[in-house]
Amino acid sequence: MTSGRTAAVGRPRGFDIDAALDAAVRVFWAQGYEGASLDDLTDAMGINRTSMYRAFGNKEELFSLALARYTEGPASYVAQALAQPTAREVATTFLVGSVRATTLPDCPTGCLGVQGSLAAGTSGRRARDVLAAWRESGTSHLRDRFQRAVEDGDLPADADPGLLARYLMTVANGIAVQAAGGTPRDELQLVADLTMRSWPPVSP
């Protein structure tokens with residue numbers, strides 16, 4: 001993936017745009033928006049500040065690009081879940097994906113979209129708002145998918161699509177926090193399995 005900004009100014013010479021952006025994702029993922037200094041970012045990306053600004057914009061713009069990259073990569077399980085044929089499979093795929101994405105080998109634990117900027121000072125408020133909107137967008141997509149499941153008879157008529165979506169997102173966010181705190185994957189998967197035990201049955 002190459003950013004619109006990068007395409008507009010032309011590909012800078014001397015470094016791999018995609019590799020640099022992947023490196024930025026890992027820094028923001030591990031340290032959060034405010035914790036990631038420009039030196040941390042440019043050192044990890046293997047470029048100087050001038051090249052970073054030219055290719056990616058300022059730190060806020062780089063963060064937005066990194067979040068998009070994260071969404072298409074480690075967090076791509078969300079889109080995969082939404083494409084499943086039944087509401088139960090949507091929920092299962094979503095939770096399993098959350099467990100796996102937050103405990104990837106050789107990657108930071110937790111979720112960039114959850115812990116990237118939960119609490120922020122003045123300099124991090126924009127990132128905090130971007131992440132809040134990102135999480136809310138995921139909830140909205142789940143809600144719409146479950147609404148369709150109700151209309152199709154895949155969920156009971158009295159099921160609340162919005163509440164089901166919020167429930168799943170709350171569990172997934174909790175899984176991310178627990179993963180960041182060191183809870184192992186197998187225990188988090190048990191949490192996901194337990195969550196699905198209370199999932200509404202398929203309409204008769």
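**Exercise 1. The annotated stretch**

Find out where UniProt puts the "DNA-binding region" and describe the backbone there.

*Solution.* Start with the record: the unreviewed UniProt entry places this feature at residues 37-56. Keep in mind that such annotations may be inferred rather than shown by experiment, and that the model you're looking at is predicted. Next, check the secondary structure: residues 37-56 are 80% helix and 0% strand. Finally, take the two ends of the stretch, whose C-alpha atoms are 15 Å apart.

**Exercise 2. The whole chain**

Work out how many helices and strands the protein chain has, and how its contacts are spread along the sequence.

*Solution.* Count the elements: there are 11 helices and zero strands. Reading along the sequence gives α-α-α-α-α-α-α-α-α-α-α. Now for burial: the chain has 204 residues, and 46% of them count as buried. Then look at contacts with a separation of 6 or more: 67% of these join residues 24 or more positions apart. Last comes the outside, where the accessible surface is about 10000 Å² and carbon and sulfur atoms hold 52% of it.

**Exercise 3. Leu 21 in helix 2**

Decide whether Leu 21 is buried or exposed, and list its contacts beyond its sequence neighbours.

*Solution.* First locate the residue: Leu 21 sits in helix 2. Its relative accessibility is 2%, and buried means under 20%, so Leu 21 counts as buried. Now set aside the neighbours within four places in sequence; Leu 21 then touches Phe 56, Leu 62, Leu 65, Ala 66 and Arg 69. Phe 56 falls in residues 37-56, the stretch UniProt annotates. Ala 44 is another residue to check: it is 23 residues from Leu 21 along the chain, with 9.6 Å between their C-alpha atoms.

For contrast, try Ala 30, which also belongs to helix 2. Ala 30 comes out at 54% relative accessibility, and the cut-off for exposed is over 50%, so Ala 30 counts as exposed. Ala 30 and Ala 180 are 150 residues apart along the chain, yet their C-alpha atoms are separated by 9.4 Å.

**Exercise 4. Helix 7, length and packing**

Test whether the end-to-end distance of helix 7 agrees with its residue count, then say what its buried residues pack against.

*Solution.* Helix 7 covers residues 87-101, which is 15 residues. The expected span is 1.5 Å times one less than the number of residues, so helix 7 should span 21 Å. Its end C-alpha atoms are 21 Å apart, so the two agree.

On to packing. The buried residues of helix 7 include Val 90, Phe 94, Leu 95 and Val 99. Their partners are helix 2 (17-35), helix 6 (77-82), helix 9 (125-152), helix 10 (161-180) and helix 11 (185-196). Thr 92 is in helix 7 too, but at 32% relative accessible area Thr 92 is partly exposed. Thr 92 and Ala 81 are 11 residues apart in sequence and 7.8 Å apart in space, C-alpha to C-alpha.

Follow the chain onward and you reach the loop between helix 7 and helix 8 (112-115), home of Asp 106. Asp 106 isn't a glycine, although it has a positive phi of about 65°. With a relative accessible area of 70%, Asp 106 is exposed.

**Exercise 5. Helix 9, from core to end**

Repeat the length test on helix 9, then look at what covers it and how it ends.

*Solution.* Helix 9 has 28 residues, so 40 Å is expected; the end C-alpha atoms are 41 Å apart, which agrees. Its buried residues include Leu 131, Arg 135, Leu 142, Arg 145 and Phe 146. The cover over them includes helix 2, helix 5 (59-72), helix 6, helix 7, helix 8 and helix 10.

Asp 152 is part of helix 9, and at 60% relative accessible area it is exposed. Its C-alpha lies 9.8 Å from that of Thr 86, across 66 residues of sequence. Just after the helix, Gly 153 takes a positive phi of about 85°.

**Exercise 6. The largest pocket**

Identify which helix gives the largest share of the lining of the largest pocket.

*Solution.* The pocket's volume is about 280 Å³, and 21 residues line it. Nearest its centre are Ala 75, Val 78, Trp 134, Gly 138 and Met 169. Helix 6, helix 7, helix 9 and helix 10 each supply at least two lining residues. The largest share comes from helix 9, with five residues. Gly 138 is also one of the buried residues of helix 9.

Terms used:
Residues are numbered from 1 along each chain as its sequence is written. This is a predicted model: local features need pLDDT of at least 70, side-chain atom pairs count only at pLDDT 80 or more; totals for chains, interfaces and linings use all residues. Side-chain values use heavy atoms; hydrogens and water are left out. Helices (H or I, at least four residues) and strands (E, at least two) are DSSP runs, numbered from the N terminus. Buried means under 20% relative accessible area, exposed over 50%, partly exposed in between (1.4 Å probe, protein chains only). Contact means heavy atoms within 4.5 Å. Accessible areas come from the Shrake-Rupley method with a 1.4 Å probe; for residues, only the protein chains shown count as cover. On a 1 Å grid over the protein atoms alone, a cavity is a set of points where a 1.4 Å probe fits but cannot get out, and a pocket is an open set with protein on both sides within 12 Å along at least five of seven lines; lining residues have an atom within 4 Å of a point. Grid points are joined across faces, edges and corners, and a volume is the space filled by probe spheres set on the points.
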